Each structure stands twice: as C-alpha cells, then as structure tokens.
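Below is a short report on a predicted model. It covers strand pairing, chain symmetry, the chain contact and the surface near one DNA strand.

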There are 2 protein chains.
Amino acid sequence: MSRENNQKVAIADALHAGAIRVLRMVRAEDAASGIGPAQLSALSVLVFMGEKSVGELAALEQVRGPTMTRIVDGLVEKGLVRRVAMPKDRRTVRVAPTPQGRRLLLAGRMRRVRALARRLDGLSTADLKSLQYAAALIARL
Amino acid sequence: MSRENNQKVAIADALHAGAIRVLRMVRAEDAASGIGPAQLSALSVLVFMGEKSVGELAALEQVRGPTMTRIVDGLVEKGLVRRVAMPKDRRTVRVAPTPQGRRLLLAGRMRRVRALARRLDGLSTADLKSLQYAAALIARL
DNA sequence: GCCTATTAGTTAGCATAGCTATATAATATT
DNA sequence: AATATTATATAGCTATGCTAACTAATAGGC
C-alpha cells in the first residue's frame with residue numbers, strides 16, 4: 001500500500017461518512033410522501049431517467065427481478081406508474097411514471113433538498129463553492 | 001426566495017444527488033457481510049459511538065422502539081451484540097457490540113471504503129483535496 | 001418448420017425491517 | 001398508596017429483500 005493509496009482510502013472514508021450524514025439529514029422528510037423508500041427510489045429513476053423495463057429498473061436499483069416486480073406492483077396500485085406492453089419483444093414490460101407519480105416524486109425531492117439547503121445556512125460563499133465543486137466531481141466518478 | 005437562497009437550494013440538490021450516488025457505489029459490498037442494512041447500521045452506531053440503550057439507538061437510527069427491539073434481537077441471535085442490564089434504572093437495557101460484532105462491522109466498512117477509494121483513482125491531487133475539504137464541511141453541518 | 005435453450009417477468013414462500021397498538025415492568029409523582 | 005410516566009417488549013400489519021420454480025416469448029440449431 002503506497003502513501004497515495006492510504007490517502008485515497010482516508011478520503012473515501014470521509015466521503016462515505018459524509019454521504020451517510022447527508023442522507024440521514026433528509027430521511028425524515030420521506031415520511032410525508034406516504035410511500036416506502038424502495039418505491040420512492042424506483043419512481044425517482046423513472047422520473048429522472050425516463051421509462052425503463054422491470055429488469056433495467058432492478059439492475060439500476062441493485063435488487064433482483066422479483067423484488068422489482070413487487071415494487072412496481074405497489075406503485076401501479078397507487079396510480080404512480082403504469083405498465084406498458086412492448087410490441088417489439090412481448091416478454092418485456094416497460095414502466096412509465098404517471099403525472100401523479102411525477103408530482104409526488106418532485107414534491108418529495110423538493111422537501112428533501114430544502115431540508116438540506118437549510119443546513120447550509122451558516123456557510124460562507126467560498127465553502128458553498130467547495131461543496132458545489134465536490135458534488136460535481138462525485139457526479140463524474 | 002432570494003438569489004442566495006436559490007443558490008443554496010441548487011447546491012443542496014447537487015449534494016443530495018452526490019450522496020445518493022456515493023452510497024449506491026458502495027451498497028453492493030454489504031451483501032458480503034451477511035446481515036441486513038438495518039442491523040449493519042445499528043451495529044455501526046454501537047461500534048463507533050459506544051454502547052447505547054435501545055431507545056437511544058432507535059432515536060439515532062430514526063426508527064420506533066419496537067423496530068429497534070427486533071433489530072437488536074437479530075444482532076443478539078447472531079452474537080454480534082449483547083444486552084446489558086442497567087442497575088441504575090432497571091427499565092433500560094444497554095446494547096454493546098461483541099468482539100465478533102466489531103470485527104464484522106469493521107471488515108464491512110473496509111470493503112465499502114476500499115470500493116469507493118478505487119473510484120477515486122483518476123482524480124488529481126487538487127481534486128482529492130477538494131473532496132476532503134467538502135467532506136470535512138459536511139461533517140460539521 | 002420443429003426442438004431446445006435462453007430471456008423477461010411473475011408467483012410462491014421465507015427473512016428482515018418498518019409501523020401502530022398494547023402489555024409489562026420499573027420509576028416518579030402526588 | 002395510588003397513579004402517571006417511562007423503557008422495553010409483544011403482536012400483528014405492510015413493505016422490501018432473497019431464492020426457487022413457473023409461464024410466456026424469443027432465438028438458435030438442425
């Protein structure tokens with residue numbers, strides 16, 4: 001293990017702790033959405049990346065097929081997504097958010113982001129810039 | 001909404017997305033630990049913050065009492081924590097990690113952190129410093 | 001054109017993890 | 001002493017994870 005490698009591990013450790021901390025700060029807001037975390041996360045993928053097959057969703061969410069089937073079941077029951085048959089390959093089912101699904105997700109995300117924004121209040125402009133730059137770096141990892 | 005406030009919201013948004021991204025990058029490593037995420041997270045609190053009562057743990061983990069009772073049950077069954085009676089107030093039960101619990105948690109954390117460190121490979125020294133600084137800021141939010 | 005293999009999704013059944021309501025035991029209050 | 005409060009546990013519901021096994025559709029080999 002080189003010195004540079006230890007340095008990277010130390011930074012990864014701090015980053016990991018920071019990510020946990022950030023998501024803990026916003027987690028409480030999700031209760032207001034009325035749906036569970038797995039459904040919320042899958043819906044988020046659909047809203048921000050567009051419609052996906054059940055298998056693609058499962059891969060993106062890092063769960064197995066049957067788990068995603070049931071998450072989608074729950075979302076369909078609540079009218080937040082719909083299943084769309086694919087004529088090309090009739091084995092696959094694409095899942096698309098409904099307007100209600102989109103609204104629910106965006107409202108929930110706004111609550112989370114605002115809760116986090118309030119925590120940034122005491123920071124200087126330079127520190128805000130630092131956070132912005134770091135976030136941009138992470139987006140490209 | 002002032003311009004500065006919008007700025008903060010935009011940074012909070014990027015930070016939120018970054019936190020989700022970081023935890024997604026490491027999540028797959030947890031399968032190797034053999035225990036579920038709630039048990040792993042509670043054990044992490046006990047290892048890094050020291051022994052806690054069931055109620056304190058529930059508050060820290062943002063879950064209700066009965067949920068934490070069962071998480072602790074699972075950890076006790078696996079020999080990763082033990083319940084310690086408190087003579088001062090015999091209603092409360094303190095929960096302490098066992099040596100095996102400590103080992104399991106530290107090994108799991110190392111897997112996560114190393115997986116993340118590998119993703120930092122292409123970054124310049126300056127960018128690594130930026131991440132380190134940002135992580136330190138988040139730790140103080 | 002058929003037979004088999006592969007692929008996509010679902011169904012069934014189990015463990016874990018969240019909740020509320022309620023019970024039990026210990027402590028605090030009047 | 002009687003009552004209220006507090007800490008945890010129990011019971012029973014829903015949601016979310018898994019593997020194994022099933023169904024339906026497509027792809028490949030002959």
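## Strand pairing in chain A

Strand S1 (residues 52-53) of chain A and strand S3 (residues 93-97) of chain A run antiparallel, joined by two bridges. Within this pairing, Lys52(A) sits opposite Val95(A) of S3(A).

S3(A) also pairs with strand S2 (residues 81-85) of chain A. Here five bridges make the link, and the strands again run antiparallel. Arg83(A) has Val95(A) in S3(A) as its bridge partner. Val95(A) thus appears in both pairings: it faces Lys52(A) and it bridges to Arg83(A).

## How the two chains are related

Chain B superposes on chain A after a rotation of 180°, with 0.0 Å of shift along the axis. The RMSD of that fit is 0.1 Å. This is the relation of a two-fold axis. In chain B, the C-alpha of Ala19(B) comes nearest the axis, 2.2 Å from it.

The contact fits this picture. Of the interface residues of chain B, 97% are also interface residues in chain A, so the copies meet through the same surface.

## The contact between the chains

Chain B puts 39 residues into the contact, and chain A puts in 38 residues. On the side of chain B that touches chain A, three helices each supply at least two residues: helix H1 (3-27), helix H5 (99-119) and helix H6 (125-139) of chain B. H1(B) gives the most, with 17 residues.

What is the make-up of this side by residue class? The side of chain B that touches chain A has 25 nonpolar, six polar and eight charged residues.

## The surface near DNA strand D

Around DNA strand D there are 25 residues. Those that come nearest are Gly36(A), Ala38(A), Ser53(B), Gly55(B) and Pro66(B). Both chains take part at the level of helices. From chain A, helix H2 (37-49) and helix H4 (65-77) each give two or more residues to this surface. From chain B, helix H3 (54-61) and helix H4 (65-77) do so.

Which element gives the most to the surface near DNA strand D? H4(A) does, with five residues. By class, this surface holds nine nonpolar, nine polar and seven charged residues. For reference, the side of chain B that touches chain A divides into 25 nonpolar, six polar and eight charged.

Key. Residues numbered from 1 in each chain as written. Chains lettered and ligands numbered in written order. Predicted model: local features only at pLDDT ≥ 70, side-chain atom pairs only at ≥ 80, totals over all residues. Contact = placed C-beta atoms within 7 Å. Helix = DSSP H or I, 4+ residues; strand = E, 2+ residues; numbered from the N terminus. Nonpolar A, V, L, I, M, F, W, Y, C, P; charged D, E, K, R; others polar. Near = placed C-beta within 6 Å. Pairing = 2+ DSSP bridges. Least-squares fit on C-alpha atoms with pLDDT ≥ 70 in both.
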